[in-house]
Amino acid sequence: MKEMLQELSANNSNRLAIATSKLRKELLRDVEPFGLNDFFSAIVSSDDVEHGKPAPDMVLKGMEKLNSTKDETVYVGDTLYDLEAAHNAGVSFALAGWETKMSDQFKKY
């Protein structure tokens with residue numbers, strides 16, 4: 001994961017953000033120990049929006065913070081809520097490459 005984030009962030013045309021249903025303090029607790037904060041230009045947590053996923057609020061707030069457009073945005077996630085949030089925001093979606101207990105739910109898409 002770290003190598004992939006290094007490669008993506010090394011390209012100046014890429015701007016990365018985290019959009020999570022966690023509270024900001026939970027996210028920082030979970031991300032900081034791995035040294036991943038520096039790869040992201042913006043963080044959107046549940047503290048920052050009125051409606052969580054699958055509403056588009058987190059995606060739209062992240063785009064606003066990155067000064068990004070729908071055509072420039074790809075939302076990478078690992079749950080159906082992530083997929084729905086991306087679709088509700090009108091942006092492309094990419095399924096994260098790791099297995100989760102929800103992975104089988106994507107087979108119908």
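**Exercise 1.** Arg-29 has a relative accessibility of 52%: classify Arg-29 as buried or exposed.

*Solution.* The model is predicted.
- Step 1. Take the cut-off: exposed means over 50%.
- Step 2. Apply it. Arg-29 is at 52%, so Arg-29 counts as exposed.
- Step 3. Look at a partner. Arg-29 forms a salt bridge with Asp-30, and their closest N and O atoms are 2.9 Å apart.
- Step 4. Classify the partner. Asp-30 has a relative accessible area of 26%, so Asp-30 is partly exposed.
- Step 5. Widen the view. Lys-22 joins Arg-29 and Asp-30 in a network of salt bridges.

**Exercise 2.** Find which parts of the chain are tied together by the salt bridge between Asp-82 and Lys-53.

*Solution.*
- Step 1. Check the distance. The two side chains meet at 2.8 Å, N to O.
- Step 2. Place both residues. Asp-82 sits in helix H4 and Lys-53 in the loop between S2 and H3, so the bridge ties together parts 29 residues apart in sequence.
- Step 3. Check burial. Both Asp-82 and Lys-53 are buried.
- Step 4. Follow the backbone from Lys-53. The peptide bond from Lys-53 to Pro-54 is cis, with omega near 20 degrees. Pro-54 is in the loop between S2 and H3.

**Exercise 3.** Do the same for the salt bridge between Glu-72 and Arg-15.

*Solution.*
- Step 1. Check the distance. The closest N and O atoms are 3.9 Å apart.
- Step 2. Place both residues. Glu-72 is in the loop between H3 and S3, and Arg-15 is in the loop between H1 and S1, so the pair ties together parts 57 residues apart in sequence.
- Step 3. Compare with the cut-offs. Glu-72, at 52% relative accessibility, counts as exposed. Arg-15, at 37%, counts as partly exposed.
- Step 4. Take the total. The structure holds six salt bridges.

**Exercise 4.** Explain on which side of helix H3 its buried residues Met-58, Val-59, Gly-62, Met-63 and Leu-66 lie.

*Solution.*
- Step 1. Locate the helix. H3 spans residues 57-66, and its residues Met-58, Val-59, Gly-62, Met-63 and Leu-66 are buried.
- Step 2. Use the arc. These residues cover only 135 degrees around the axis, so they are on the same side of H3.
- Step 3. Recall the helix rule. An α-helix has 3.6 residues a turn, so residues three or four places apart point the same way.
- Step 4. Find the cover. It includes strand S1 (17-19), strand S2 (42-44), strand S3 (74-77) and helix H4 (80-89).

**Exercise 5.** Describe Asn-67 and Ser-68 in the loop between H3 and S3.

*Solution.*
- Step 1. Start with Asn-67, just after H3. Its phi is near 55 degrees, a positive value in a residue other than glycine.
- Step 2. Check its exposure. Asn-67 has a relative accessible area of 67%, so Asn-67 is exposed.
- Step 3. Move to Ser-68. At 17% relative accessibility, Ser-68 counts as buried.
- Step 4. List its contacts. Neighbours within four places in sequence aside, Ser-68 touches Arg-15, Met-63 and Thr-73.

**Exercise 6.** Decide whether the rings of Tyr-75 and Phe-93 are stacked or edge-to-face.

*Solution.*
- Step 1. Count. There is one aromatic pair.
- Step 2. Read the geometry. The ring centres of Tyr-75 and Phe-93 are 6.3 Å apart, with 20 degrees between the planes.
- Step 3. Apply the cut-off. Planes under 30 degrees apart count as stacked, so the pair is stacked.
- Step 4. Place the rings. Tyr-75 is in strand S3 and Phe-93 in strand S4 (residues 92-95), 18 residues apart.
- Step 5. Check burial. Tyr-75, with a relative accessible area of 9%, is buried.

Conventions
Residues are numbered from 1 along each chain as its sequence is written. This is a predicted model: local features need pLDDT of at least 70, side-chain atom pairs count only at pLDDT 80 or more; totals for chains, interfaces and linings use all residues. Side-chain values use heavy atoms; hydrogens and water are left out. Buried means under 20% relative accessible area, exposed over 50%, partly exposed in between (1.4 Å probe, protein chains only). Helices (H or I, at least four residues) and strands (E, at least two) are DSSP runs, numbered from the N terminus. The arc is that of the directions from the helix axis to the C-beta atoms. Contact means heavy atoms within 4.5 Å. Rings of Phe, Tyr and Trp (its six-membered ring) pair if their centres lie within 6.5 Å; planes under 30 degrees apart count as stacked, over 60 as edge-to-face and the rest as tilted. A salt bridge is a side-chain nitrogen of Lys or Arg within 4 Å of a carboxyl oxygen of Asp or Glu.
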